[in-house]
Amino acid sequence: MKERDPRKLAMMASLGVAVLMLAGKVGAYLLTNSTAILSDAAESVIHIVATGVVGYCLWYSARPADQDHPYGHGKIAYFSAGFEGAMIFMAALAILFTAIKAIIVGPELHSLDWGLAIIAALALVNLILGLSLVHYGKKTHSMVLVANGRHVLTDVWTSAAVVVGVALVYFTEIAILDPIVAILAALHILGSGLSMARDAYHGLMEKASPEDSDRLIHCLRKAVDEKLISGFHAVRHRRVNDALWVEVHFLLPGNLSMMQAHAQASKVEDAIHHAYEGEQVYVTAHLEPDDHTAAHPTGEIAPPDALEAYASVHELSDGI
């Protein structure tokens, strides 16, 4: 029997909990007529739609590489994160509109004790789910799960703010506090949405991770110390969802045979894979003689601007 992907099970659990959240919050709103609770329910509607998109992206990103997509389909994860960020942003605007309207018209609240209990219980369930999704997503380097987990946690913050607001209204009988709390929650959600959109942008632009840079340079310097290679340069790496792609030039003594050079380079590649044990890592190494200047007279390997880029990467690898 084929083992099910834990990430898919996590997304199914997320979708099921999202439906539960929506039903519970709508029920709490009907009991209380609270603008803050209505705003929380509106955020849950957005979350259900976003979770459906995330589920599709997770399925698509897991498809193997093919002729049209030789590097796989992982980049759709950044679309998912960006989409969720945009949806959160829209939810925050909807909450602001509803809350401001309630301030103008004047809130009419009732049965706040029941509404408070329902929202508090739902917030606890969401907190457990959100922390679990973020933890497992980071552990597996799944941008999709991390984004969805963060979205769930924004829902928790909204619910927490609603609980505080409804409690204050219940104990002080100052009804205007209800939409004011909703506005504060909306502003927090706006920040979360913008943060997710920024992360998606960095992923699409393949921003290099300082942590990956340090780990790679450590592996390569160790290989130099062990005399597996004479040196290295042109180190480049990028993450595509849960996969790391590495490009590097190895410098080796020019008197080695092809078999010897390949064997030593393979040991370095194995060391990089070992440093990222449990992760998908793809290493592409270009072998060059350590007399690099003689092997590549100026202008023979790339245009001047590209040569300058190679030189800057070389300086970076030497300086870390």
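Reader: Which residues of helix 7 are buried?

Author: Happy to start there, and please keep in mind that this is a predicted model. A residue is called buried when its relative accessible area is under 20%. In helix 7, the residues that meet this are Asp 212, Ser 213, Leu 216, Ile 217, Cys 219, Leu 220 and Ala 223.

Reader: Are those buried residues on the same side of helix 7 or not, and what arc do they cover?

Author: The directions to look at run from the helix axis to the C-beta atoms. The buried residues are on the same side of helix 7, because around the axis they cover an arc of only 160°.

Reader: Which residues are exposed on the other side of helix 7?

Author: Exposed calls for a relative accessible area over 50%. Turning to the other side of helix 7, we find these exposed residues: Pro 210, Glu 211, His 218 and Asp 225.

Reader: How far apart are the end C-alpha atoms of helix 7?

Author: Helix 7 covers residues 210–225, which makes 16 residues. At 1.5 Å a residue, a span of 22 Å should result, and the model agrees with this: the end C-alpha atoms are apart by 22 Å.

Reader: What comes just after helix 7, and what is the phi of Lys 227?

Author: Lys 227 sits just after helix 7. The phi of Lys 227 is positive, at about 60°.

Reader: Is Asn 126 buried or exposed?

Author: To find Asn 126, go to helix 4, residues 112–139. Its relative accessible area is 3%. Buried means under 20%, so Asn 126 is buried.

Reader: Which residues does Asn 126 touch?

Author: Let's leave out residues up to four places away in sequence. The residues that Asn 126 then touches are Val 17, Met 21, Val 152, Asp 155 and Val 156.

Reader: Which helix gives the largest share of the nonpolar patch?

Author: The nonpolar surface patch has an area of about 490 Å² and is made by Ile 103, Ile 174, Ile 176, Ile 180, Leu 184 and Leu 187. Leu 187, for one, lies in helix 6, and it is partly exposed, with a relative accessible area of 47%. With 3 residues, the largest share comes from helix 6.

Reader: How many helices and strands are in the chain?

Author: Starting from the N terminus, the elements run α-α-α-α-α-α-α-β-β-α-β-α-α. That gives the chain 10 helices and 3 strands.

Reader: What part of the 320 residues in the chain is buried?

Author: Here the 320 residues of the chain are taken together. The buried ones make up 42%.

How values were computed: Residues numbered from 1 in each chain as written. Predicted model: local features only at pLDDT ≥ 70, side-chain atom pairs only at ≥ 80, totals over all residues. Heavy atoms only, no water. Patch = residues over 30% accessible without salt bridge, like charges linked within 9 Å, V, L, I, M, F, W, Y side chains within 5 Å. Areas by Shrake-Rupley, 256 points an atom, 1.4 Å probe, with all protein chains shown as cover. Salt bridge = Lys/Arg side-chain N within 4 Å of Asp/Glu carboxyl O. Helix = DSSP H or I, 4+ residues; strand = E, 2+ residues; numbered from the N terminus. Buried < 20%, exposed > 50% of the residue type's maximum accessible area, 1.4 Å probe, protein only. Expected span 1.5 Å × (residues − 1). Contact = heavy atoms within 4.5 Å.
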